[in-house]
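Trainee: Could we go through this structure together? I would like to discuss its sheets and its helix packing.

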Amino acid sequence: MTSRDYIERKAAVMSRALEELAPSFDNGDGRNPIGSCCEAPVEAEVLRVLSLLDDVFYPGYRSSCDRSVPLETMVIERLDETYDILYRQVKRALPLRYRSKYDSERPDAKVETVDEGMLAAEAERVMGIFFDRLPRTRELLKLDVVAAYKGDPAARSYSEIILSYPGLRAITTHRVAHELYLLDVPLIPRIMTEYVHQRTGIEIHPGATIGESFFIDHGTGVVVGETAVIGNRVRMYQGVTLGARSVKTDDAGLPHKTGKRHPTIEDDVVIYPGATILGGDTVIGQGATIGGNVWLTRSVPPGVTVTLKNVGEY
């Protein structure tokens, strides 16, 4: 077979494939779950933002640091690049905010359009608030590092925690994603947290509210749901789930996506490996200890220790 024959056969195969594929790209009324999408955030750009902010939060740890360059110069350079990239990605994501007001599977689904000027103004507003909150985010991360050092007898230094602990990497990404979630930025927070989920095995929804000095030891298999609330100085081990007790549906059979579905964990609680705590009404009281492999769907009073032996009392 000559190269010309190969090219002709290849062209014929591609032509048939395209002819069959083309109808599947039609967005039509906006209800195609994987129609063509040219305005969604770019994953690689979102992940670049995480890398840049790592340098801001942990200067000299996650990338090489030129000691001849003043720290302030490095930080402002990273912030400058972060602003430009994130502004563009937020602007691309914002139209999804208006579309997501209506579930695309519903018969009354609507798609709202927003003019370019409004998108630009809203993206700038979001960026201003997000950047104003970065100093507070870094203060929280300092407390998280200390919590990990105090909570793990195997930790030898802060540097070890920053460079190698999956729990810190997960909470770092979560604290960034959570701020964007609070600002009602679509999709970008989930891209961030699902990326770190892939890296660490720790899944924290960006909507979860997490207090100061949070420490996840080991971490693999931890799941924290969207409406979970975690207080200060909480310590959690691998395989812990803070989940929903059940998924309620409406008349059309679609899941409700509002309301509190996940537990509240008050201050100074310790949750050991494999524990499962479910339900939006479930509250684990301050200072309680939840033993390994415990299954809980009811609240626990402050200061109580729950184990497999006494879990039936709760």
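Mentor: What follows concerns a predicted model, and we can take the sheets before the helices.

Trainee: What is the strand order in the sheet that contains strand 1, strand 4 and strand 7?

Mentor: The order is 1-4-7-10-13, in an open sheet of 5 strands with parallel pairing. Its edge strands are strand 1 (203–204) and strand 13 (295–296), each of which pairs on one side only.

Trainee: How many bridges join strand 1 to strand 4?

Mentor: There are 2 bridges, and the two strands run parallel; strand 4 covers residues 223–224. Within this pair, Glu203 is placed opposite Val223 of strand 4.

Trainee: And which strands stand at the edges of the sheet with the order 3-6-9-12-14?

Mentor: That sheet is also open, with 5 strands and parallel pairing. Strand 3 (215–216) and strand 14 (305–306) are at its edges; each has a single partner strand, so one side of each lacks a neighbour in the sheet.

Trainee: What about strand 6 and strand 9, parallel or antiparallel?

Mentor: Strand 6 (residues 235–236) pairs with strand 9 (residues 270–271) in the parallel sense, over 2 bridges. Arg235 lies opposite Val270 in strand 9.

Trainee: Changing topic, at what angle do helix 2 and helix 7 pack?

Mentor: Helix 2 (residues 43–57) and helix 7 (residues 188–200) pack at about 70 degrees, and their axes are 10 Å apart. Helix 2 is therefore roughly perpendicular to helix 7.

Trainee: Which residues make that contact?

Mentor: Helix 2 contributes Glu43, Val46, Leu47, Val49 and Leu50, while helix 7 contributes Ile188, Ile191, Met192 and Tyr195. By class, the contact has 8 nonpolar residues, 1 charged residue and no polar ones.

Key
Residues are numbered from 1 along each chain as its sequence is written. This is a predicted model: local features need pLDDT of at least 70, side-chain atom pairs count only at pLDDT 80 or more; totals for chains, interfaces and linings use all residues. Side-chain values use heavy atoms; hydrogens and water are left out. Two strands pair if DSSP finds at least two bridges between them. Helices (H or I, at least four residues) and strands (E, at least two) are DSSP runs, numbered from the N terminus. Axes are lines fitted to C-alpha atoms, for helices over the stretch in contact, and angles run from 0 to 180 degrees between N-to-C directions. Angles under 35 degrees count as roughly parallel, over 145 as roughly antiparallel, 65 to 115 as roughly perpendicular and the rest as oblique. Contact means heavy atoms within 4.5 Å. Ala, Val, Leu, Ile, Met, Phe, Trp, Tyr, Cys and Pro count as nonpolar, Asp, Glu, Lys and Arg as charged, and the others, Gly among them, as polar.
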